[in-house]
Amino acid sequence: MITEAARNLIETWRLGFVATADADGQVNLSPKGTFIVVDHETIAFAEMRSPNTVRNIRVRPGVEVNFVDILSRKGIRLRGTARLESKGSATFERLLPHFSALWPDLTGMFNAVVLIEVAACKPLLSPIYEQGASEAELRALWKQKIQDMPA
């Protein structure tokens, strides 16, 4: 089940790192920036340029997705089973408006939607919290680092 904290993190950051494996067990890690939460047990992303991810899912549908709030150094790890819904399928067409609302300029590039039925949702937490750091301190620190980056 997708927790409320997980939903909030996904809907705030949208960028998830998807781990898949091919038939030989070689791992592929790929960032996907179009995640949505479909319901309490399902997330999805739009597939545009992901030939390795698609090929791997067809062979081994088990995936893991990590989302990280870069300011707080907190995140979630979702494990589940992926399935492809190609352009034109009923599921693709049903979900397309959700993606179009967020990324109207990209929808023409979508080849498929990848749905992930979530079997496990676990928190990720930086070890810095074990040393007494607070979320407010980390957010302030990382916001400042971002502001100090050259343009």
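How many bridges join strand 1 to strand 2, and in which direction do these strands run relative to each other? In the predicted model, strand 1 (residues 16-21) is joined to strand 2 by six bridges, and the two run antiparallel. Within this pairing, Ala19 stands opposite Leu29 of strand 2.

Strands 1 and 2 belong to an open sheet of seven strands, arranged in the order 2-1-5-6-7-4-3 with antiparallel pairing. Strand 2 (27-32) and strand 3 form the edges, each pairing on one side only. On average, neighbouring strands of the sheet are turned by 35° against each other, direction ignored.

Helix 3 lies across strand 3, strand 4, strand 6 and strand 7, and its direction makes an angle of about 60° with strand 7. The helix, which spans residues 90-102, has a kink of about 35° at Leu96, shortly before Pro97. Its buried residues are Thr91, Phe92, Leu95, Leu96 and Phe99. An α-helix has 3.6 residues a turn, so residues three or four places apart point the same way. The cover over the buried residues of helix 3 includes strand 3 (36-39), strand 4 (42-47), strand 6 (74-86) and strand 7 (112-125).

The loop between helix 3 and strand 7 contains Thr107. Thr107 has a relative accessible area of 19% and is therefore classed as buried, the cut-off being under 20%. Apart from neighbours within four places in sequence, Thr107 is in contact with Leu96, Phe99 and Ser100. Two of these contacts, Leu96 and Phe99, are themselves listed among the buried residues of helix 3. A polar atom of the Thr107 side chain also lies 3.4 Å from the backbone oxygen of Pro104.

On the sheet, Arg83 is located in strand 6. Its relative accessible area is 35%, so Arg83 counts as partly exposed, between the limits of 20% and 50%. The side chain of Arg83 takes part in a polar contact of 3.1 Å with the side chain of Glu85. A polar contact of 3.4 Å joins the side chains of Arg83 and Glu117. Arg83 and Glu117 are 34 residues apart along the chain, while their C-alpha atoms are separated by 8.4 Å. When residues up to four places away in sequence are not counted, Arg83 touches Ile57, Thr91, Val113, Val114, Leu115 and Glu117. Among them, Thr91 is one of the buried residues of helix 3.

Technical notes. Residues are numbered from 1 along each chain as its sequence is written. This is a predicted model: local features need pLDDT of at least 70, side-chain atom pairs count only at pLDDT 80 or more; totals for chains, interfaces and linings use all residues. Side-chain values use heavy atoms; hydrogens and water are left out. The bend at a residue is the angle between axes fitted to the seven residues ending there and the seven starting there. Helices (H or I, at least four residues) and strands (E, at least two) are DSSP runs, numbered from the N terminus. Buried means under 20% relative accessible area, exposed over 50%, partly exposed in between (1.4 Å probe, protein chains only). Contact means heavy atoms within 4.5 Å. A polar contact is a pair of N or O atoms within 3.5 Å; within protein, one must be able to donate a hydrogen and the other to accept it, and residues adjacent in sequence count only if both atoms are side-chain atoms. Two strands pair if DSSP finds at least two bridges between them. Axes are lines fitted to C-alpha atoms, for helices over the stretch in contact, and angles run from 0 to 180 degrees between N-to-C directions.
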